[in-house]
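Q: I am new to this structure and would be grateful for a close look at one enclosed space and at the part of the fold to which it belongs. Please begin with the space itself and then widen the view.

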Amino acid sequence: MRIAIISDIHSNLEALNRALKEIEQEKVDEIVCLGDIVGYGANPNECVDIVKKLTPHVLLGNHDEAAIDLTKTESFNPFARIAAEWTGDTLTQENKGYIAGLPFTLERNDLYFVHASPVKPEDWNYILTPSDAAENFHAMPSDVCFIGHSHVPEVFGEDLWTRNIVKGEKFIVNVGSIGQPRDGNPKLSFGIFDTELWSYRNLRLDYDVELAAFKIRKAGLPKNLADRLFVGK
Ligand code: ZN
């Protein structure tokens with residue numbers, strides 16, 4: 001079975017559509033979305049509508065949570081908070097209800113999925129370094145856990161030198177972000193895992209950044225949320 005794992009769409013319709021076109025060509029068996037469908041970008045309802053129909057395997061992200069409960073924006077920077085308020089005002093009641101029903105974790109096909117971290121998923125802690133990852137391996141019910149949240153694609157193994165997933169060892173795989181990459185590369189990022197070969201591939205693709213950024217400015221959202229898409233920061 002081949003599974004496409006997407007995360008951190010952040011209301012970027014252009015990036016989502018480009019990723020889904022590629023996923024269709026890859027002919028995967030299923031799709032998992034690790035959350036943060038909304039926040040930052042200009043098309044929250046459009047993105048939620050697509051994800052809803054795309055797959056039943058969808059997790060809650062911190063920006064999804066903030067858009068339906070603004071008390072959860074305390075740790076957000078001012079730009080993220082403005083975007084969360086705008087998203088909360090823009091989302092339909094139906095889509096807010098859908099978000100409210102999303103879970104924190106998913107266990108499926110001997111794999112584990114969470115938006116932020118296996119230890120206390122609801123705390124939204126970041127896994128940025130091998131030592132962050134090391135503190136999380138014990139909380140995984142499966143050998144491989146897929147995460148998003150930092151928007152930086154990475155594979156963390158128990159053995160620090162192993163970047164290729166091997167059977168029988170634990171790995172935390174960050175699939176990167178569809179709608180707001182932050183590793184200095186503006187190309188959208190997601191992953192495909194093959195459960196028979198036990199192998200993982202990170203895909204990076206160009207999309208219409210120009211249009212996504214234009215829509216952010218036009219919506220009156222903070223200008224830097226548009227600018228950062230061009231540099232992937
Ligand atoms: Zn995010």
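Which residues line the second largest cavity?

A: The model is a predicted one, and every value below is computed from it. The second largest cavity has a lining made up of Pro130, Val155, Phe156, Gly157, Leu160 and Arg163. The space inside this cavity comes to about 40 Å³. By class, its lining divides into four nonpolar residues, one polar residue and one charged residue. Strand 6 contributes the most to this lining, with three residues. The place of strand 6 in the fold is therefore a useful next step, although the cavity itself is not the whole picture.

Strand 6 (154-157) is one of the two edge strands of a sheet, the other being strand 3 (105-108), and each of the two pairs on one side only. The sheet is open and has five strands in the order 3-4-5-7-6, with mixed pairing. From one strand to the next, the twist averages 20 degrees. The sheet can now be followed from the edge at strand 3 inward.

Strand 3 and strand 4 (residues 111-114) run antiparallel to each other and are joined by four bridges. Within this pair, arginine 108 has leucine 111 of strand 4 as its bridge partner, while threonine 105 is matched in the same manner with valine 114 of strand 4. The hairpin formed by strand 3 and strand 4 has two residues between the strands, and in this hairpin asparagine 109 adopts a positive phi near 50 degrees.

Strand 4 is covered on both faces: Leu111 and Phe113 on one side, and Tyr112 and Val114 on the other, are all buried. Beyond it, strand 4 pairs with strand 5 (residues 144-147) in the parallel sense, over three bridges. In this pairing, tyrosine 112 stands opposite cysteine 145 of strand 5.

Strand 5 also has both faces covered, with Val144 and Phe146 buried on one side and Cys145 and Ile147 buried on the other. Next in turn, strand 5 and strand 7 (residues 171-174) pair in the parallel sense, over four bridges. Here phenylalanine 146 stands opposite valine 173 of strand 7. In the strand order, strand 7 is then followed by strand 6, which brings the description back to the strand that gives the most to the lining of the second largest cavity.

Cysteine 145 in strand 5 deserves a further remark. Its relative accessible area is 0%, so cysteine 145 counts as buried. The closest cysteine sulfur to its own is that of cysteine 33, at 15 Å, and cysteine 145 is therefore too far from it for a bond. Cysteine 47 is likewise buried, with a relative accessibility of 0%. For cysteine 47 too, the closest cysteine sulfur belongs to cysteine 33, and the distance of 9.8 Å is too far for a bond. A disulfide requires two cysteine sulfur atoms within 2.5 Å, and by this rule the count of disulfides is zero.

The second largest cavity may also be set beside the other spaces in the model. A search of the whole structure yields two cavities of 30 Å³ or more. The largest cavity holds about 80 Å³ of space. It is lined by 16 residues, and those closest to its centre are His10, Asn12, Gly41, Ile216 and Leu229. Helix 1 (13-26), helix 7 (209-218) and helix 8 (223-231) each provide at least two residues of this lining, and helix 7 gives the most, with three. By class, the lining of the largest cavity contains seven nonpolar, seven polar and two charged residues.

The largest pocket, by contrast with the cavities, is an open space. About 270 Å³ of space lies in it. Eighteen residues would be a long list to give in full; of the 18 that line the pocket, Asn62, His63, Ser75, Phe76 and Tyr126 lie nearest its centre. Helix 3 (residues 62-68) supplies the largest share of the pocket lining, namely three residues. The pocket lining comprises five nonpolar, seven polar and six charged residues.

Technical notes: Residues are numbered from 1 along each chain as its sequence is written. This is a predicted model: local features need pLDDT of at least 70, side-chain atom pairs count only at pLDDT 80 or more; totals for chains, interfaces and linings use all residues. Side-chain values use heavy atoms; hydrogens and water are left out. On a 1 Å grid over the protein atoms alone, a cavity is a set of points where a 1.4 Å probe fits but cannot get out, and a pocket is an open set with protein on both sides within 12 Å along at least five of seven lines; lining residues have an atom within 4 Å of a point. Grid points are joined across faces, edges and corners, and a volume is the space filled by probe spheres set on the points. Ala, Val, Leu, Ile, Met, Phe, Trp, Tyr, Cys and Pro count as nonpolar, Asp, Glu, Lys and Arg as charged, and the others, Gly among them, as polar. Two strands pair if DSSP finds at least two bridges between them. Axes are lines fitted to C-alpha atoms, for helices over the stretch in contact, and angles run from 0 to 180 degrees between N-to-C directions. Buried means under 20% relative accessible area, exposed over 50%, partly exposed in between (1.4 Å probe, protein chains only).
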